[in-house]
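Colleague: Could you take me through one part of this protein in detail? I would like to look closely at the sheet and at what surrounds it.

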Amino acid sequence: MYYRLFRKLYEREAIRMCRKCRDFIRDGQRILDLGCGAGIVGKTFQEFFRAELLGVDIVDRRVVDIPFKLSSSSSLPLKDNSFDLVLISYVLHHTGKPKVLLEEAKRVSRDKIIVFEDIPDTWISGIFCRFHGFSFDKLFRNPTKTTFYSEREWKEVFKQLGLNLLFSQRVNNFPVKKELFVLGV
């Protein structure tokens, strides 16, 4: 119900996200949308880049028709290097083990991991992030507590996992800073 109410908003944001990624995704690439949720973002990337797409999530909440697999975040039922890139769109803060999710993304990606993430960089954005986390956890019965990292903390996580930060850019700043990270595997 939630995704159906906000579908148009998600679609517009997904188009903006695609435009931000033009320099990093070639038409026709094979993309894994890890933590695809409603599938709206993945479907938009699929159409924008004429990509082959697979959505993966721990629960099927799709409101659009995309190829899909149920999977835990700790062990993806996919072969090593089976995708050109992995898209992780505002998902890492919802998992209790973001390092494990990133390790799996690294394992299945041949080239890049593209991450969009909320960054609580001011006191007001911290309040919005806490509210978002609390409401998401309750509404969707999230089994793990939503946790937000600072930009510095994410960069340290990427470094620890041997992921090369190729590009980062603020994509929005109100009420919460939203950051694009492009990682080489």
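**The sheet and its surroundings**

Modeller: Happy to! The protein has 6 helices and 7 strands, and please keep in mind that this is a predicted model. Along the sequence, these elements follow the pattern α-α-β-α-β-β-β-α-β-α-α-β-β.

Let us begin with the sheet itself. It is an open sheet of 7 strands with mixed pairing, and the order across it is S3-S2-S1-S4-S5-S7-S6. At its edges are strand S3 (68-70) and strand S6 (164-172), each of which pairs on one side only. On average, neighbouring strands in this sheet are turned by 20° against each other, direction ignored.

At the S6 edge, S6 and strand S7 (residues 177-184) are joined by 7 bridges in the antiparallel sense. If you want a spot to zoom in on, Asn172 stands opposite Lys178 in S7. Packed on the sheet is helix H4 (residues 98-108), which touches strand S1 (30-34), strand S4 (83-89) and strand S5 (109-119). The direction of H4 makes about 150° with that of S5.

Now follow the chain into the loop between S4 and H4, where you will find Tyr90. Tyr90 counts as buried because its relative accessibility is 17%, below the 20% cut-off. Beyond its neighbours within four places in sequence, Tyr90 is in contact with Met17, Phe116, Glu117, Asp118, Val171 and Lys178. Lys178 is thus a residue you have already met, as the one opposite Asn172. Another pair to look at is Tyr90 and Val115: 25 residues separate them in sequence, while their C-alpha atoms are 7.5 Å apart in space.

For a view of the surface, turn to helix H5 (residues 123-139), where Ile124 is found. Together with Trp123, Ile127 and Phe128, Ile124 makes a nonpolar surface patch of about 430 Å². Ile124 has a relative accessible area of 35%, so this residue is partly exposed, whereas Tyr90 is buried.

Finally, here is the setting for these details. Of the 185 residues of the protein, 48% count as buried. The accessible surface comes to about 9700 Å², and carbon and sulfur atoms account for 53% of that area. As for contacts between residues at least 6 apart in sequence, 62% join residues at least 24 apart. The pair of Tyr90 and Val115, being 25 residues apart in sequence, is a handy one to have on screen as you explore.

Notes: Residues are numbered from 1 along each chain as its sequence is written. This is a predicted model: local features need pLDDT of at least 70, side-chain atom pairs count only at pLDDT 80 or more; totals for chains, interfaces and linings use all residues. Side-chain values use heavy atoms; hydrogens and water are left out. Patches are made of residues with over 30% relative accessible area and no salt bridge: like charges are joined within 9 Å, nonpolar side chains (Val, Leu, Ile, Met, Phe, Trp, Tyr) within 5 Å. Accessible areas come from the Shrake-Rupley method with a 1.4 Å probe; for residues, only the protein chains shown count as cover. A salt bridge is a side-chain nitrogen of Lys or Arg within 4 Å of a carboxyl oxygen of Asp or Glu. Helices (H or I, at least four residues) and strands (E, at least two) are DSSP runs, numbered from the N terminus. Buried means under 20% relative accessible area, exposed over 50%, partly exposed in between (1.4 Å probe, protein chains only). Two strands pair if DSSP finds at least two bridges between them. Axes are lines fitted to C-alpha atoms, for helices over the stretch in contact, and angles run from 0 to 180 degrees between N-to-C directions. Contact means heavy atoms within 4.5 Å.
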